[in-house]
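Trainee: I'm new to this one. Could you take me through a single part of it, the four-stranded sheet and whatever packs around it, nice and slowly?

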Amino acid sequence: MPTQCRRRFIAGLGSAALLAVVGNLASPAAARAAGSSSLPIVDMEAVLKAAQWDPQKIGSGITLGSGPSVLLVERALQAEGLLKASLVDGHYGTSTVAAYVGWQHRLGYSGLGANGLPGEASLTRLAAGRFTVTSVVRPGGRVAFGGHLTDARAAAMLREVQSVTGLTMRVDQGSYSTSDPSSADTHAGGGAVDIGVDGWSAARRRTVTAALRRVGFAAWLRSPTEGPWPWHIHAVAISDPDLSPPAQAQVGHYFRGRNGLRDDGPDTGPIVEKVSWEEYLRRR
């Protein structure tokens, strides 16, 4: 374009378009940055839901609303040499979980940092030049609730349950805990708590279980006939990025309508809409 014509063209542009044009003229790197807003979107909330539910499904069904985002994550994992092309299908099954663990290991993570669930840091690294991450879910730091450790997100959920029920809950076991072998490491990560309900009426137990479910927990009332434990409510925060693998599996069982125990029995708890904490907050 002749210089005089180019000057007239640029002078007629708005500020946003002007910046883009100047960036394109300045350097290839600036041009790529200017075009980053046009990258496809990965909804982290949707991917987390699929990452918990899909591995527990029979078959390769796609979690509603998650397929497009999961596909983008899987394509990135394939590009990194961690996932076969035949498994890039929008279903976040066990192979995708293993591939994401591989990605987390490559970044230097271990333990809970390599649990197969996309956390903000690892997903953002995978996204570079490929997609933009939205609807970020953060567990927050480790905090005390009821004398036991959990993460800030789960603590906020528990406070909400106390607020809506008017009841104070006694925590018998918190998160980041491996002291009780009967819990099978479901408490080894974040977002998992046991609420003591000994001495409560059946109605109160059911009320609190339902409230926990409404704010975004996969929650079940446990009786002494089901295992070596007293009466309690076991609750796992749906889509908590810090969940241990056994806790992730329990969330998948919850979505399948099961009890989260080894016998894989039916869920006999209160019937409520299954939502995450973020979904609850948007609807409150």
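Mentor: Sure, let's start at one pairing: Gly196 stands opposite His232 in E8. Before we go on, this is a predicted model, in which local features need pLDDT of at least 70 and side-chain atom pairs count only at pLDDT 80 or more, while totals for chains, interfaces and linings use all residues. Residues are numbered from 1 along each chain as its sequence is written, and side-chain values use heavy atoms, with hydrogens and water left out.

Back to that pairing. Strand E6 (residues 192-196) and strand E8 (residues 232-237) run antiparallel to one another and are joined over five bridges. Strands here are DSSP runs of E with at least two residues, helices are runs of H or I with at least four, and both are numbered from the N terminus. Two strands pair if DSSP finds at least two bridges between them.

Zoom out and you get an open sheet of four strands, in the order E5-E6-E8-E7, with antiparallel pairing. Strand E5 (170-173) and strand E7 (217-222) are at the edges with a single partner strand each, so one side of each has no neighbour in the sheet. On average, neighbouring strands of this sheet are turned by 30° against each other, direction ignored.

Now the helices. Helix H8 (residues 152-165) lies across E6, E7 and E8, and runs at about 60° to E7. Helix H9 (residues 202-215) also packs on the sheet, where it touches E7 and E8, and its direction makes about 160° with that of E7. Those angles run from 0 to 180 degrees between N-to-C directions, with axes that are lines fitted to C-alpha atoms, for helices over the stretch in contact. Contact means heavy atoms within 4.5 Å.

Stay on H9 for a moment, as Arg213 is found there. Arg213 has 2% relative accessibility, so it counts as buried (under 20% relative accessible area; exposed is over 50%, partly exposed in between, with a 1.4 Å probe and protein chains only). Its side chain reaches the backbone oxygen of Pro270 at 2.6 Å. Leaving aside neighbours within four places in sequence, the contacts of Arg213 include Ala219, Trp220, Tyr254, Asp267 and Val275.

Next, the nonpolar cores: sets of buried Ala, Val, Leu, Ile, Met, Phe, Trp, Tyr and Cys residues joined through side-chain atoms within 4.5 Å. The largest nonpolar core has 39 residues, and among those with the most contacts inside it are Val73, Leu77 and Tyr100. E7 is one of the elements giving two or more residues to this core, along with others including helix H5 (67-79) and helix H10 (245-255). A second, separate core of 24 residues includes Val161, Met169, Ala211 and Val275. In soluble globular proteins, nonpolar side chains tend to be buried together.

Last stop, the loop between H10 and helix H11 (277-283), where you'll find Gly257. Gly257 is partly exposed, with a relative accessible area of 25%. Not counting residues up to four places away in sequence, Gly257 touches Pro266 and Asp267. Gly257 and Thr268 are eleven residues apart in sequence, and 8.6 Å apart in space from C-alpha to C-alpha. Asp264 lies in the loop between H10 and H11 too. Phi of Asp264 is near 55°, a positive value in a residue other than glycine, and Asp264 counts as partly exposed at 27% relative accessibility.

Conventions:
A polar contact is a pair of N or O atoms within 3.5 Å; within protein, one must be able to donate a hydrogen and the other to accept it, and residues adjacent in sequence count only if both atoms are side-chain atoms.
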